[in-house]
Amino acid sequence: MNLVINEKSMRCVWGSTGEYWFSRTDGTVHSSEDLSDNDAALISNGFIPYLTISNEEIIRAYVKTLENKKLSAVFSRLGSDEYVNTFWKYFNAYSEISDGFADFESKYVLDKLKAWCDENGIEYTVEDASPPFGV
């Protein structure tokens with residue numbers, strides 16, 4: 001079955017583990033709230049856990065692309081919670097950090113979703129998958 005990669009399917013990437021499932025039967029993404037609580041039953045019915053990406057993962061990848069030594073030094077000393085909170089403070093204060101983030105985020109998620117599809121043998125088509133998603 002074919003996954004249509006669009007704004008909706010990309011938004012489902014954000015979530016906690018097991019929040020979304022992909023149906024190999026109909027090529028759609030389903031919320032775990034709408035499905036059985038029995039993971040084994042879901043898997044036997046052609047569902048697989050959907051890709052999950054955290055905001056922290058995207059932010060860490062983005063900060064690396066900035067190649068800013070001062071910023072890297074600040075972030076290298078921070079734990080997970082502090083990392084995300086500090087990023088958003090800098091994001092709101094400095095345009096050099098906020099400029100380009102939405103495009104990076106969109107490309108990052110799209111690339112990860114394509115790779116996930118390839119790893120799981122899922123055909124896909126990309127429709128309108130434009131930012132913003134997490135901003």
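Biologist: I'd like to start with helix α5. What covers its buried residues?

Modeller: Good place to begin, and keep in mind that this is a predicted model. The cover over the buried residues of α5 includes α3, α4, α6 (95-98) and α7.

Biologist: Which residues of α5 are buried?

Modeller: First, the general idea: an α-helix has 3.6 residues a turn, so residues three or four places apart point the same way. In α5, the buried residues are Y83, V84, T86, F87 and F91.

Biologist: And how do I check the length of α5 against what a helix should span?

Modeller: Take 1.5 Å a residue: the 14 residues of α5 should then span 20 Å. The end C-alpha atoms of α5 are 20 Å apart, so the two values agree.

Biologist: Let's move to the interior. Which residues of the largest nonpolar core touch the most other members?

Modeller: That core has 32 residues, and L3, Y50, I58, F87, L113 and W116 touch the most other members. You have already met F87, among the buried residues of α5. At least two core residues each come from β1 (2-5), α3 (55-66), α4 (69-76), α5 (80-93) and α7 (101-119). The largest share, 8 residues, is supplied by α7.

Biologist: What does L113 contact beyond its neighbours within four places in sequence?

Modeller: L113 is in contact with L3, I5, S9, M10, V13, Y50 and L51. Two of these, L3 and Y50, are on the list of core residues that touch the most other members, as is L113 itself.

Biologist: Now the sheet, please. In what order do its strands lie?

Modeller: Strands of a sheet pair through backbone hydrogen bonds, either parallel or antiparallel. Here, an open sheet of 3 strands has the order β3-β2-β4, and the pairing is antiparallel. β3 (29-31) and β4 (47-49) are the edge strands, each pairing on one side only. From one strand to the next, the twist averages 35°.

Biologist: How many bridges join β2 to β3?

Modeller: There are 3 bridges between β2 (residues 20-23) and β3, which run antiparallel. One pair to find on screen is Y20 with its bridge partner S31 in β3.

Biologist: Last topic: how many disulfides are there in the whole structure?

Modeller: A disulfide is a covalent bond between the sulfur atoms of two cysteines. A search of the whole structure finds 0 of them. For C12, the nearest cysteine sulfur is that of C117, 13 Å away.

Biologist: Are C12 and C117 buried or exposed?

Modeller: C12 is buried, with a relative accessible area of 11%. C117 is also buried, at 0%.

Key:
Residues numbered from 1 in each chain as written. Predicted model: local features only at pLDDT ≥ 70, side-chain atom pairs only at ≥ 80, totals over all residues. Heavy atoms only, no water. Pairing = 2+ DSSP bridges. Helix = DSSP H or I, 4+ residues; strand = E, 2+ residues; numbered from the N terminus. Axes fitted to C-alpha atoms, helices over the stretch in contact; angles between N-to-C directions. Disulfide = S-S within 2.5 Å. Buried < 20%, exposed > 50% of the residue type's maximum accessible area, 1.4 Å probe, protein only. Core = buried A, V, L, I, M, F, W, Y, C linked by side-chain atoms within 4.5 Å. Contact = heavy atoms within 4.5 Å. Expected span 1.5 Å × (residues − 1).
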